[in-house]
Amino acid sequence: MTVQDIRSFNRFYTNVIGALDYGRRLYAPYTLTESRVLYELAHAPRTDAADLRAQLHLDAGYLTRILNKFEEDGLVERGPSDTDTRRRRITLTAPGREAAALLDERARETVGAMLDTVRAEDRPRLAEAMRTVRTILGDSDSDSDSDGSGDRGAPRPEDVVLREPAPGDLGWIVQRNAALYAAEYGFDADYEALVARIVADYGEDHDPNLERTWIAELDGRPVGCVMCVRDDAPGAARLRLLLVEPDARGLGIGDRLVGALVDFARETGYREVVLWTNDILGAARRIYQRHGFVLVAEKPHHSFGQDLTGQDWRLDLHATPH
C-alpha cells in the first residue's frame with residue numbers, strides 16, 4: 001500500500017458520503033466541522049469545551065469561533081463546569097437540539113439510501129471491512145485479542161453514545177420491551193400493550209422542552225432507552241421504560257441513561273422524579289438507588305400474567321447535589 005492508495009480511497013469515500021456537499025443539502029447551513037460539533041454536543045448531556053477540543057482534535061481558536069457563532073445563533077449555552085471552575089460547560093439549547101436532530105436525520109437518510117444500493121449478501125462483508133479499517137487505523141490494541149489474532153474485542157463504555165430517537169426507534173422501544181420482559185420474566189401481551197400505550201402517548205403529544213427520550217447506541221444499533229415524561233403531580237417528572245439489551249449490559253449504560261434523565265429534569269426545573277417498578281427488577285433498582293431514589297411505597301399485584309410487588313420510588317431534586 002502507498003500514500004497514493006490511501007489518498008485515492010479518501011477521495012472516493014468523501015464523494016460517497018457527501019462530505020463535500022454541505023453547501024447544497026446535507027449539512028446546510030453548517031460546515032462539516034460545525035455539524036460534527038453539534039453532533040458531539042447532542043450525544044453528551046454535559047460537555048466541557050476542553051474535552052470537546054481534545055475529542056475532535058480542533059484548534060482552540062477555531063473551536064471558540066464555532067461556539068461563538070452557535071451562541072449568537074441561540075444554539076448553545078456556556079457556563080462554568082460543575083467539576084472544574086477553570087473550564088466552560090457547553091450545552092445545547094432547544095433550537096440547538098432541533099438543529100442537531102435535523103442534521104442527524106439528513107445523515108441517516110443519506111447513509112440509508114447508500115446502503116440500499118448494497119446487496120444484502122454483501123452487507124456483512126462491508127461491515128467487517130469497515131471494522132477492519134477502524135481497528136487497524138484506530139485502537140488496534142484494545143480492539144484485538146492479546147494473542148494478536150485481530151478478532152474484534154468487547155465493546156467499551158466510550159463506544160456507547162446517547163442520542164434522541166430517530167424514525168423507528170419508538171417502535172423499537174415497544175418491541176424490545178415486550179420481547180425482553182417475556183423472555184426474562186415471563187410477562188404476557190398485557191405488558192406489550194401497556195408499553196405501546198405509553199410510547200404512543202409520547203409520540204402523539206409530548207413537549208420537547210419538558211419531556212425527552214434517550215436512545216443508547218452501540219455500533220450503529222440501539223441497545224438501551226429511557227423516557228422522561230411529565231407526571232400528574234405538579235412539578236414531578238416520571239421516569240419510564242428504562243431498558244438495556246442483555247449483550248450491552250456491564251457498560252454502565254443504565255447509569256448513563258438515568259443520569260442524563262436526572263440532569264435534564266433538574267435543569268428543566270422539575271422538583272422531583274418519580275417512577276414505578278417491580279421488585280424483581282433488581283439491577284434497575286440498584287441503579288435508582290445509586291442516583292438517590294428512595295423507595296416510598298410498595299404493594300403486591302397480579303399483572304402481565306405474574307404475581308408481582310410494585311414499588312414507587314422518588315428522587316427529591318432539591319435535596320440532591322448538582
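**Exercise 1. Find the acidic partner of K69 in this predicted model, and work out which parts of the chain the pair links.**

Solution.
- Start at the side chain of K69: its salt-bridge partner is E34, and the closest N and O atoms are 3.1 Å apart. A salt bridge needs that distance to be within 4 Å, and the 3.1 Å of this pair meets the cut-off.
- Next, place both residues. K69 sits in helix α4 (residues 60–72) and E34 in helix α2 (residues 32–42), so with their positions 35 residues apart, the pair links distant parts of the chain.
- Now check the surroundings. Buried means under 20% relative accessible area, and partly exposed runs from there up to 50%. K69, at 30% relative accessibility, therefore counts as partly exposed, whereas E34, at 8%, counts as buried.

**Exercise 2. Compare two further salt bridges, R163 with E217 and D263 with R266. Which elements hold the residues of each pair?**

Solution.
- Take R163 and E217 first: their side chains meet with an N to O distance of 2.6 Å. R163 belongs to strand β4 and E217 to strand β5, so this bridge ties together parts that are 54 residues apart in sequence.
- R163 has a relative accessible area of 4% and is therefore buried. E217 is buried as well, with 11%.
- Turn to D263 and R266, where the N to O distance is 3.9 Å. Both are in helix α10, and because they are three residues apart, about one helical turn separates them.
- D263 is buried with a relative accessible area of 18%, and R266 is buried with 14%.
- Elsewhere, R119, D122 and R125 are joined into one network by salt bridges that share partners. The search of the whole structure gives 19 salt bridges.

**Exercise 3. Trace the seven-strand sheet and say which strands stand at its edges.**

Solution.
- Write down the order: β4-β5-β6-β7-β8-β10-β9, an open sheet with mixed pairing.
- Look at the two ends of that order. β4 (160–163) and β9 (294–303) each have a single partner strand, so one side of each lacks a neighbour in the sheet. From one strand to the next, the twist averages 20°.
- Zoom in on β8 (residues 272–278) and β10 (residues 306–316): they run antiparallel and are joined by seven bridges. Here L275 stands opposite W313 in β10.
- Add the helices. Helix α10 (residues 253–268) packs on the sheet, touching β4, β5, β6, β7, β8 and β10, and its direction makes about 165° with that of β7. Helix α9 (residues 189–204) lies across β5, β6 and β7, running at about 125° to β7.

**Exercise 4. Classify the ring pair F9 and F12: stacked, tilted or edge-to-face?**

Solution.
- Recall that an aromatic pair is described by the distance of the ring centres and the angle of the planes.
- Count the pairs in the structure: there are eleven. For F9 and F12, the centres are 6.3 Å apart and the planes meet at 50°, so the pair is tilted.
- Locate the residues: both lie in helix α1 (residues 3–17), three residues apart, about one turn of the helix. F9 has 46% relative accessibility and so counts as partly exposed.
- To finish, find the aromatic cluster formed by Y181, Y185, F187, Y191 and F304.

Definitions and conventions: Residues numbered from 1 in each chain as written. Predicted model: local features only at pLDDT ≥ 70, side-chain atom pairs only at ≥ 80, totals over all residues. Heavy atoms only, no water. Pairing = 2+ DSSP bridges. Helix = DSSP H or I, 4+ residues; strand = E, 2+ residues; numbered from the N terminus. Axes fitted to C-alpha atoms, helices over the stretch in contact; angles between N-to-C directions. Contact = heavy atoms within 4.5 Å. Phe/Tyr/Trp six-rings, centres within 6.5 Å; stacked < 30°, edge-to-face > 60°. Buried < 20%, exposed > 50% of the residue type's maximum accessible area, 1.4 Å probe, protein only.
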